[in-house]
There are 2 protein chains.
Amino acid sequence: MTRKVQTRTLATRDRLLAAGREIVAAVGMAGLRTEEVVLRAGTAKGTFFAHFQDRDHFLAALLAERLGEELEQLAAPVDRKALLRRLDLLYRLFAADTETVALLARFSGPAGAGLGLDRLICLVTERLADGVVGMQARGEIGARARPEVLSEGLVALVFHAAASAQCGMHGDARAVRERADRLLLEMTEALLWP
Amino acid sequence: MTRKVQTRTLATRDRLLAAGREIVAAVGMAGLRTEEVVLRAGTAKGTFFAHFQDRDHFLAALLAERLGEELEQLAAPVDRKALLRRLDLLYRLFAADTETVALLARFSGPAGAGLGLDRLICLVTERLADGVVGMQARGEIGARARPEVLSEGLVALVFHAAASAQCGMHGDARAVRERADRLLLEMTEALLWP
DNA sequence: CCGTTAAATTGACTATGGTCAATAAAGTCC
DNA sequence: GGACTTTATTGACCATAGTCAATTTAACGG
């Protein structure tokens with residue numbers, strides 16, 4: 001028979017995540033070592049892996065926490081301008097650093113683990129689609145694609161721009177970043193053309 | 001003073017890559033261990049890392065080899081139908097497996113290392129843009145975005161579709177794959193609308 | 001050919017992610 | 001509260017990516 005989750009379990013998980021937050025704040029995601037996490041959380045190594053499948057899933061959980069704070073409460077954009085602002089916000093969040101980009105690429109798919117990044121991205125996409133419906137009805141933007149398709153496509157472009165901007169760490173960072181910025185802007189315009 | 005590259009160096013590199021090819025063919029990219037590579041190539045561990053920055057760069061080189069065979073010779077698509085076929089080919093190549101998707105996400109940016117995946121993707125994008133120029137001139141597809149922007153956007157959508165299809169390994173794979181297929185198709189249509 | 005120097009190679013070593021059989025700590029039923 | 005079951009935790013242990021000082025090999029100038 002299956003028993004209810006112990007409060008102890010949740011407490012342990014929270015301690016691990018709290019430790020992770022501290023470490024990421026101090027040395028970034030790339031510098032997070034599992035040893036350090038369990039040390040701060042006061043648990044054994046095995047406990048970490050009993051709670052999280054691997055280091056990357058742990059980082060994804062942390063990232064989801066952080067992004068959730070920014071994205072959970074957002075309403076559907078009411079007009080074209082608001083939509084563009086929303087995409088820009090996503091772009092800035094996603095392009096924060098290399099780790100973020102890699103984690104999103106790996107975990108944000110429509111069929112992810114269930115709780116975490118994937119759910120968050122789905123939420124954002126749906127909210128975007130809600131806004132698109134109205135704008136398409138008013139003829140403010142084009143209606144050649146269904147709202148949910150269009151909004152997922154827009155998010156895909158944001159991902160791509162973020163990834164491009166990050167790859168540009170080597171070489172002339174500014175130029176690459178500007179290139180990504182412009183790609184996102186121009187492609188979005190082409191898609192939204194009434 | 002800087003001396004010319006020794007032929008020995010190139011031979012070693014080739015032996016490493018050849019070993020890598022064999023291993024990938026046998027156990028896939030995920031199953032490749034550096035120990036096994038140097039064992040087959042008959043070199044020491046250190047030699048491997050003298051030639052390739054890390055395991056992922058090595059895998060990227062192998063992937064670039066493989067994709068290069070398929071993509072290097074392709075001509076610019078002459079019409080809309082050829083363009084769609086080209087995107088479909090890319091999709092099938094990119095969505096081959098999880099490793100491929102991850103490597104592309106990490107190394108295919110416009111400012112990558114110089115020789116490898118990044119160069120290949122740039123090539124494909126440019127070739128695509130060449131085709132787009134003609135089609136836009138003939139009014140066969142829309143001209144709301146510049147050719148190079150449009151083609152990079154299309155490639156971005158292919159990436160996204162490939163990533164989505166791969167994330168769908170968990171859960172109902174078929175449904176997720178079909179969803180990705182349709183997204184790519186509908187978004188492409190919306191973008192190409194005359 | 002020979003000494004000199006840059007480049008390539010080596011392999012023992014380290015760092016760290018991840019495993020698992022053993023143990024402890026709840027929960028459940030009487 | 002005692003017997004028993006399920007769940008959580010532990011930490012020694014393993015696998016493997018990646019490092020580096022020492023060594024060997026090849027190019028160069030004379």
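This passage describes the protein surfaces near two DNA strands and one helix of chain B in a predicted model.

The surroundings of DNA strand D comprise 27 residues, of which A:T12, A:G46, B:G46, B:D54 and B:R55 come nearest. Both protein chains give elements with two or more residues to this surface: chain A through α1 (7-27) and α3 (45-51), and chain B through α1 (7-27), α2 (34-41) and α3 (45-51). The largest share, four residues, is that of α3(A). By class, the surface near DNA strand D consists of five nonpolar, eleven polar and eleven charged residues.

DNA strand C is surrounded by 26 residues, and the closest are A:G46, A:D54, A:R55, B:T12 and B:G46. Elements giving two or more residues to the surface near DNA strand C are α2 (34-41) and α3 in chain A, and α1 and α3 in chain B. Here α3(B) provides the largest share, with four residues. The surface near DNA strand C has eleven charged, ten polar and five nonpolar residues.

Helix α4 of chain B covers residues 55-71. Its 17 residues should span 24 Å at 1.5 Å a residue, and the end C-alpha atoms are 24 Å apart, so the expected and modelled spans agree. Buried residues in α4(B) are B:F58, B:L59, B:A60, B:A61, B:L62, B:L63, B:A64 and B:L67. The cover over these buried residues includes α1, α5 (80-94), α6 (98-107) and α7 (117-137) of chain B.

Technical notes: Residues numbered from 1 in each chain as written. Chains lettered and ligands numbered in written order. Predicted model: local features only at pLDDT ≥ 70, side-chain atom pairs only at ≥ 80, totals over all residues. Near = placed C-beta within 6 Å. Nonpolar A, V, L, I, M, F, W, Y, C, P; charged D, E, K, R; others polar. Expected span 1.5 Å × (residues − 1). Buried ≥ 20, exposed ≤ 12 C-beta atoms within 10 Å, placed from the backbone. Contact = placed C-beta atoms within 7 Å.
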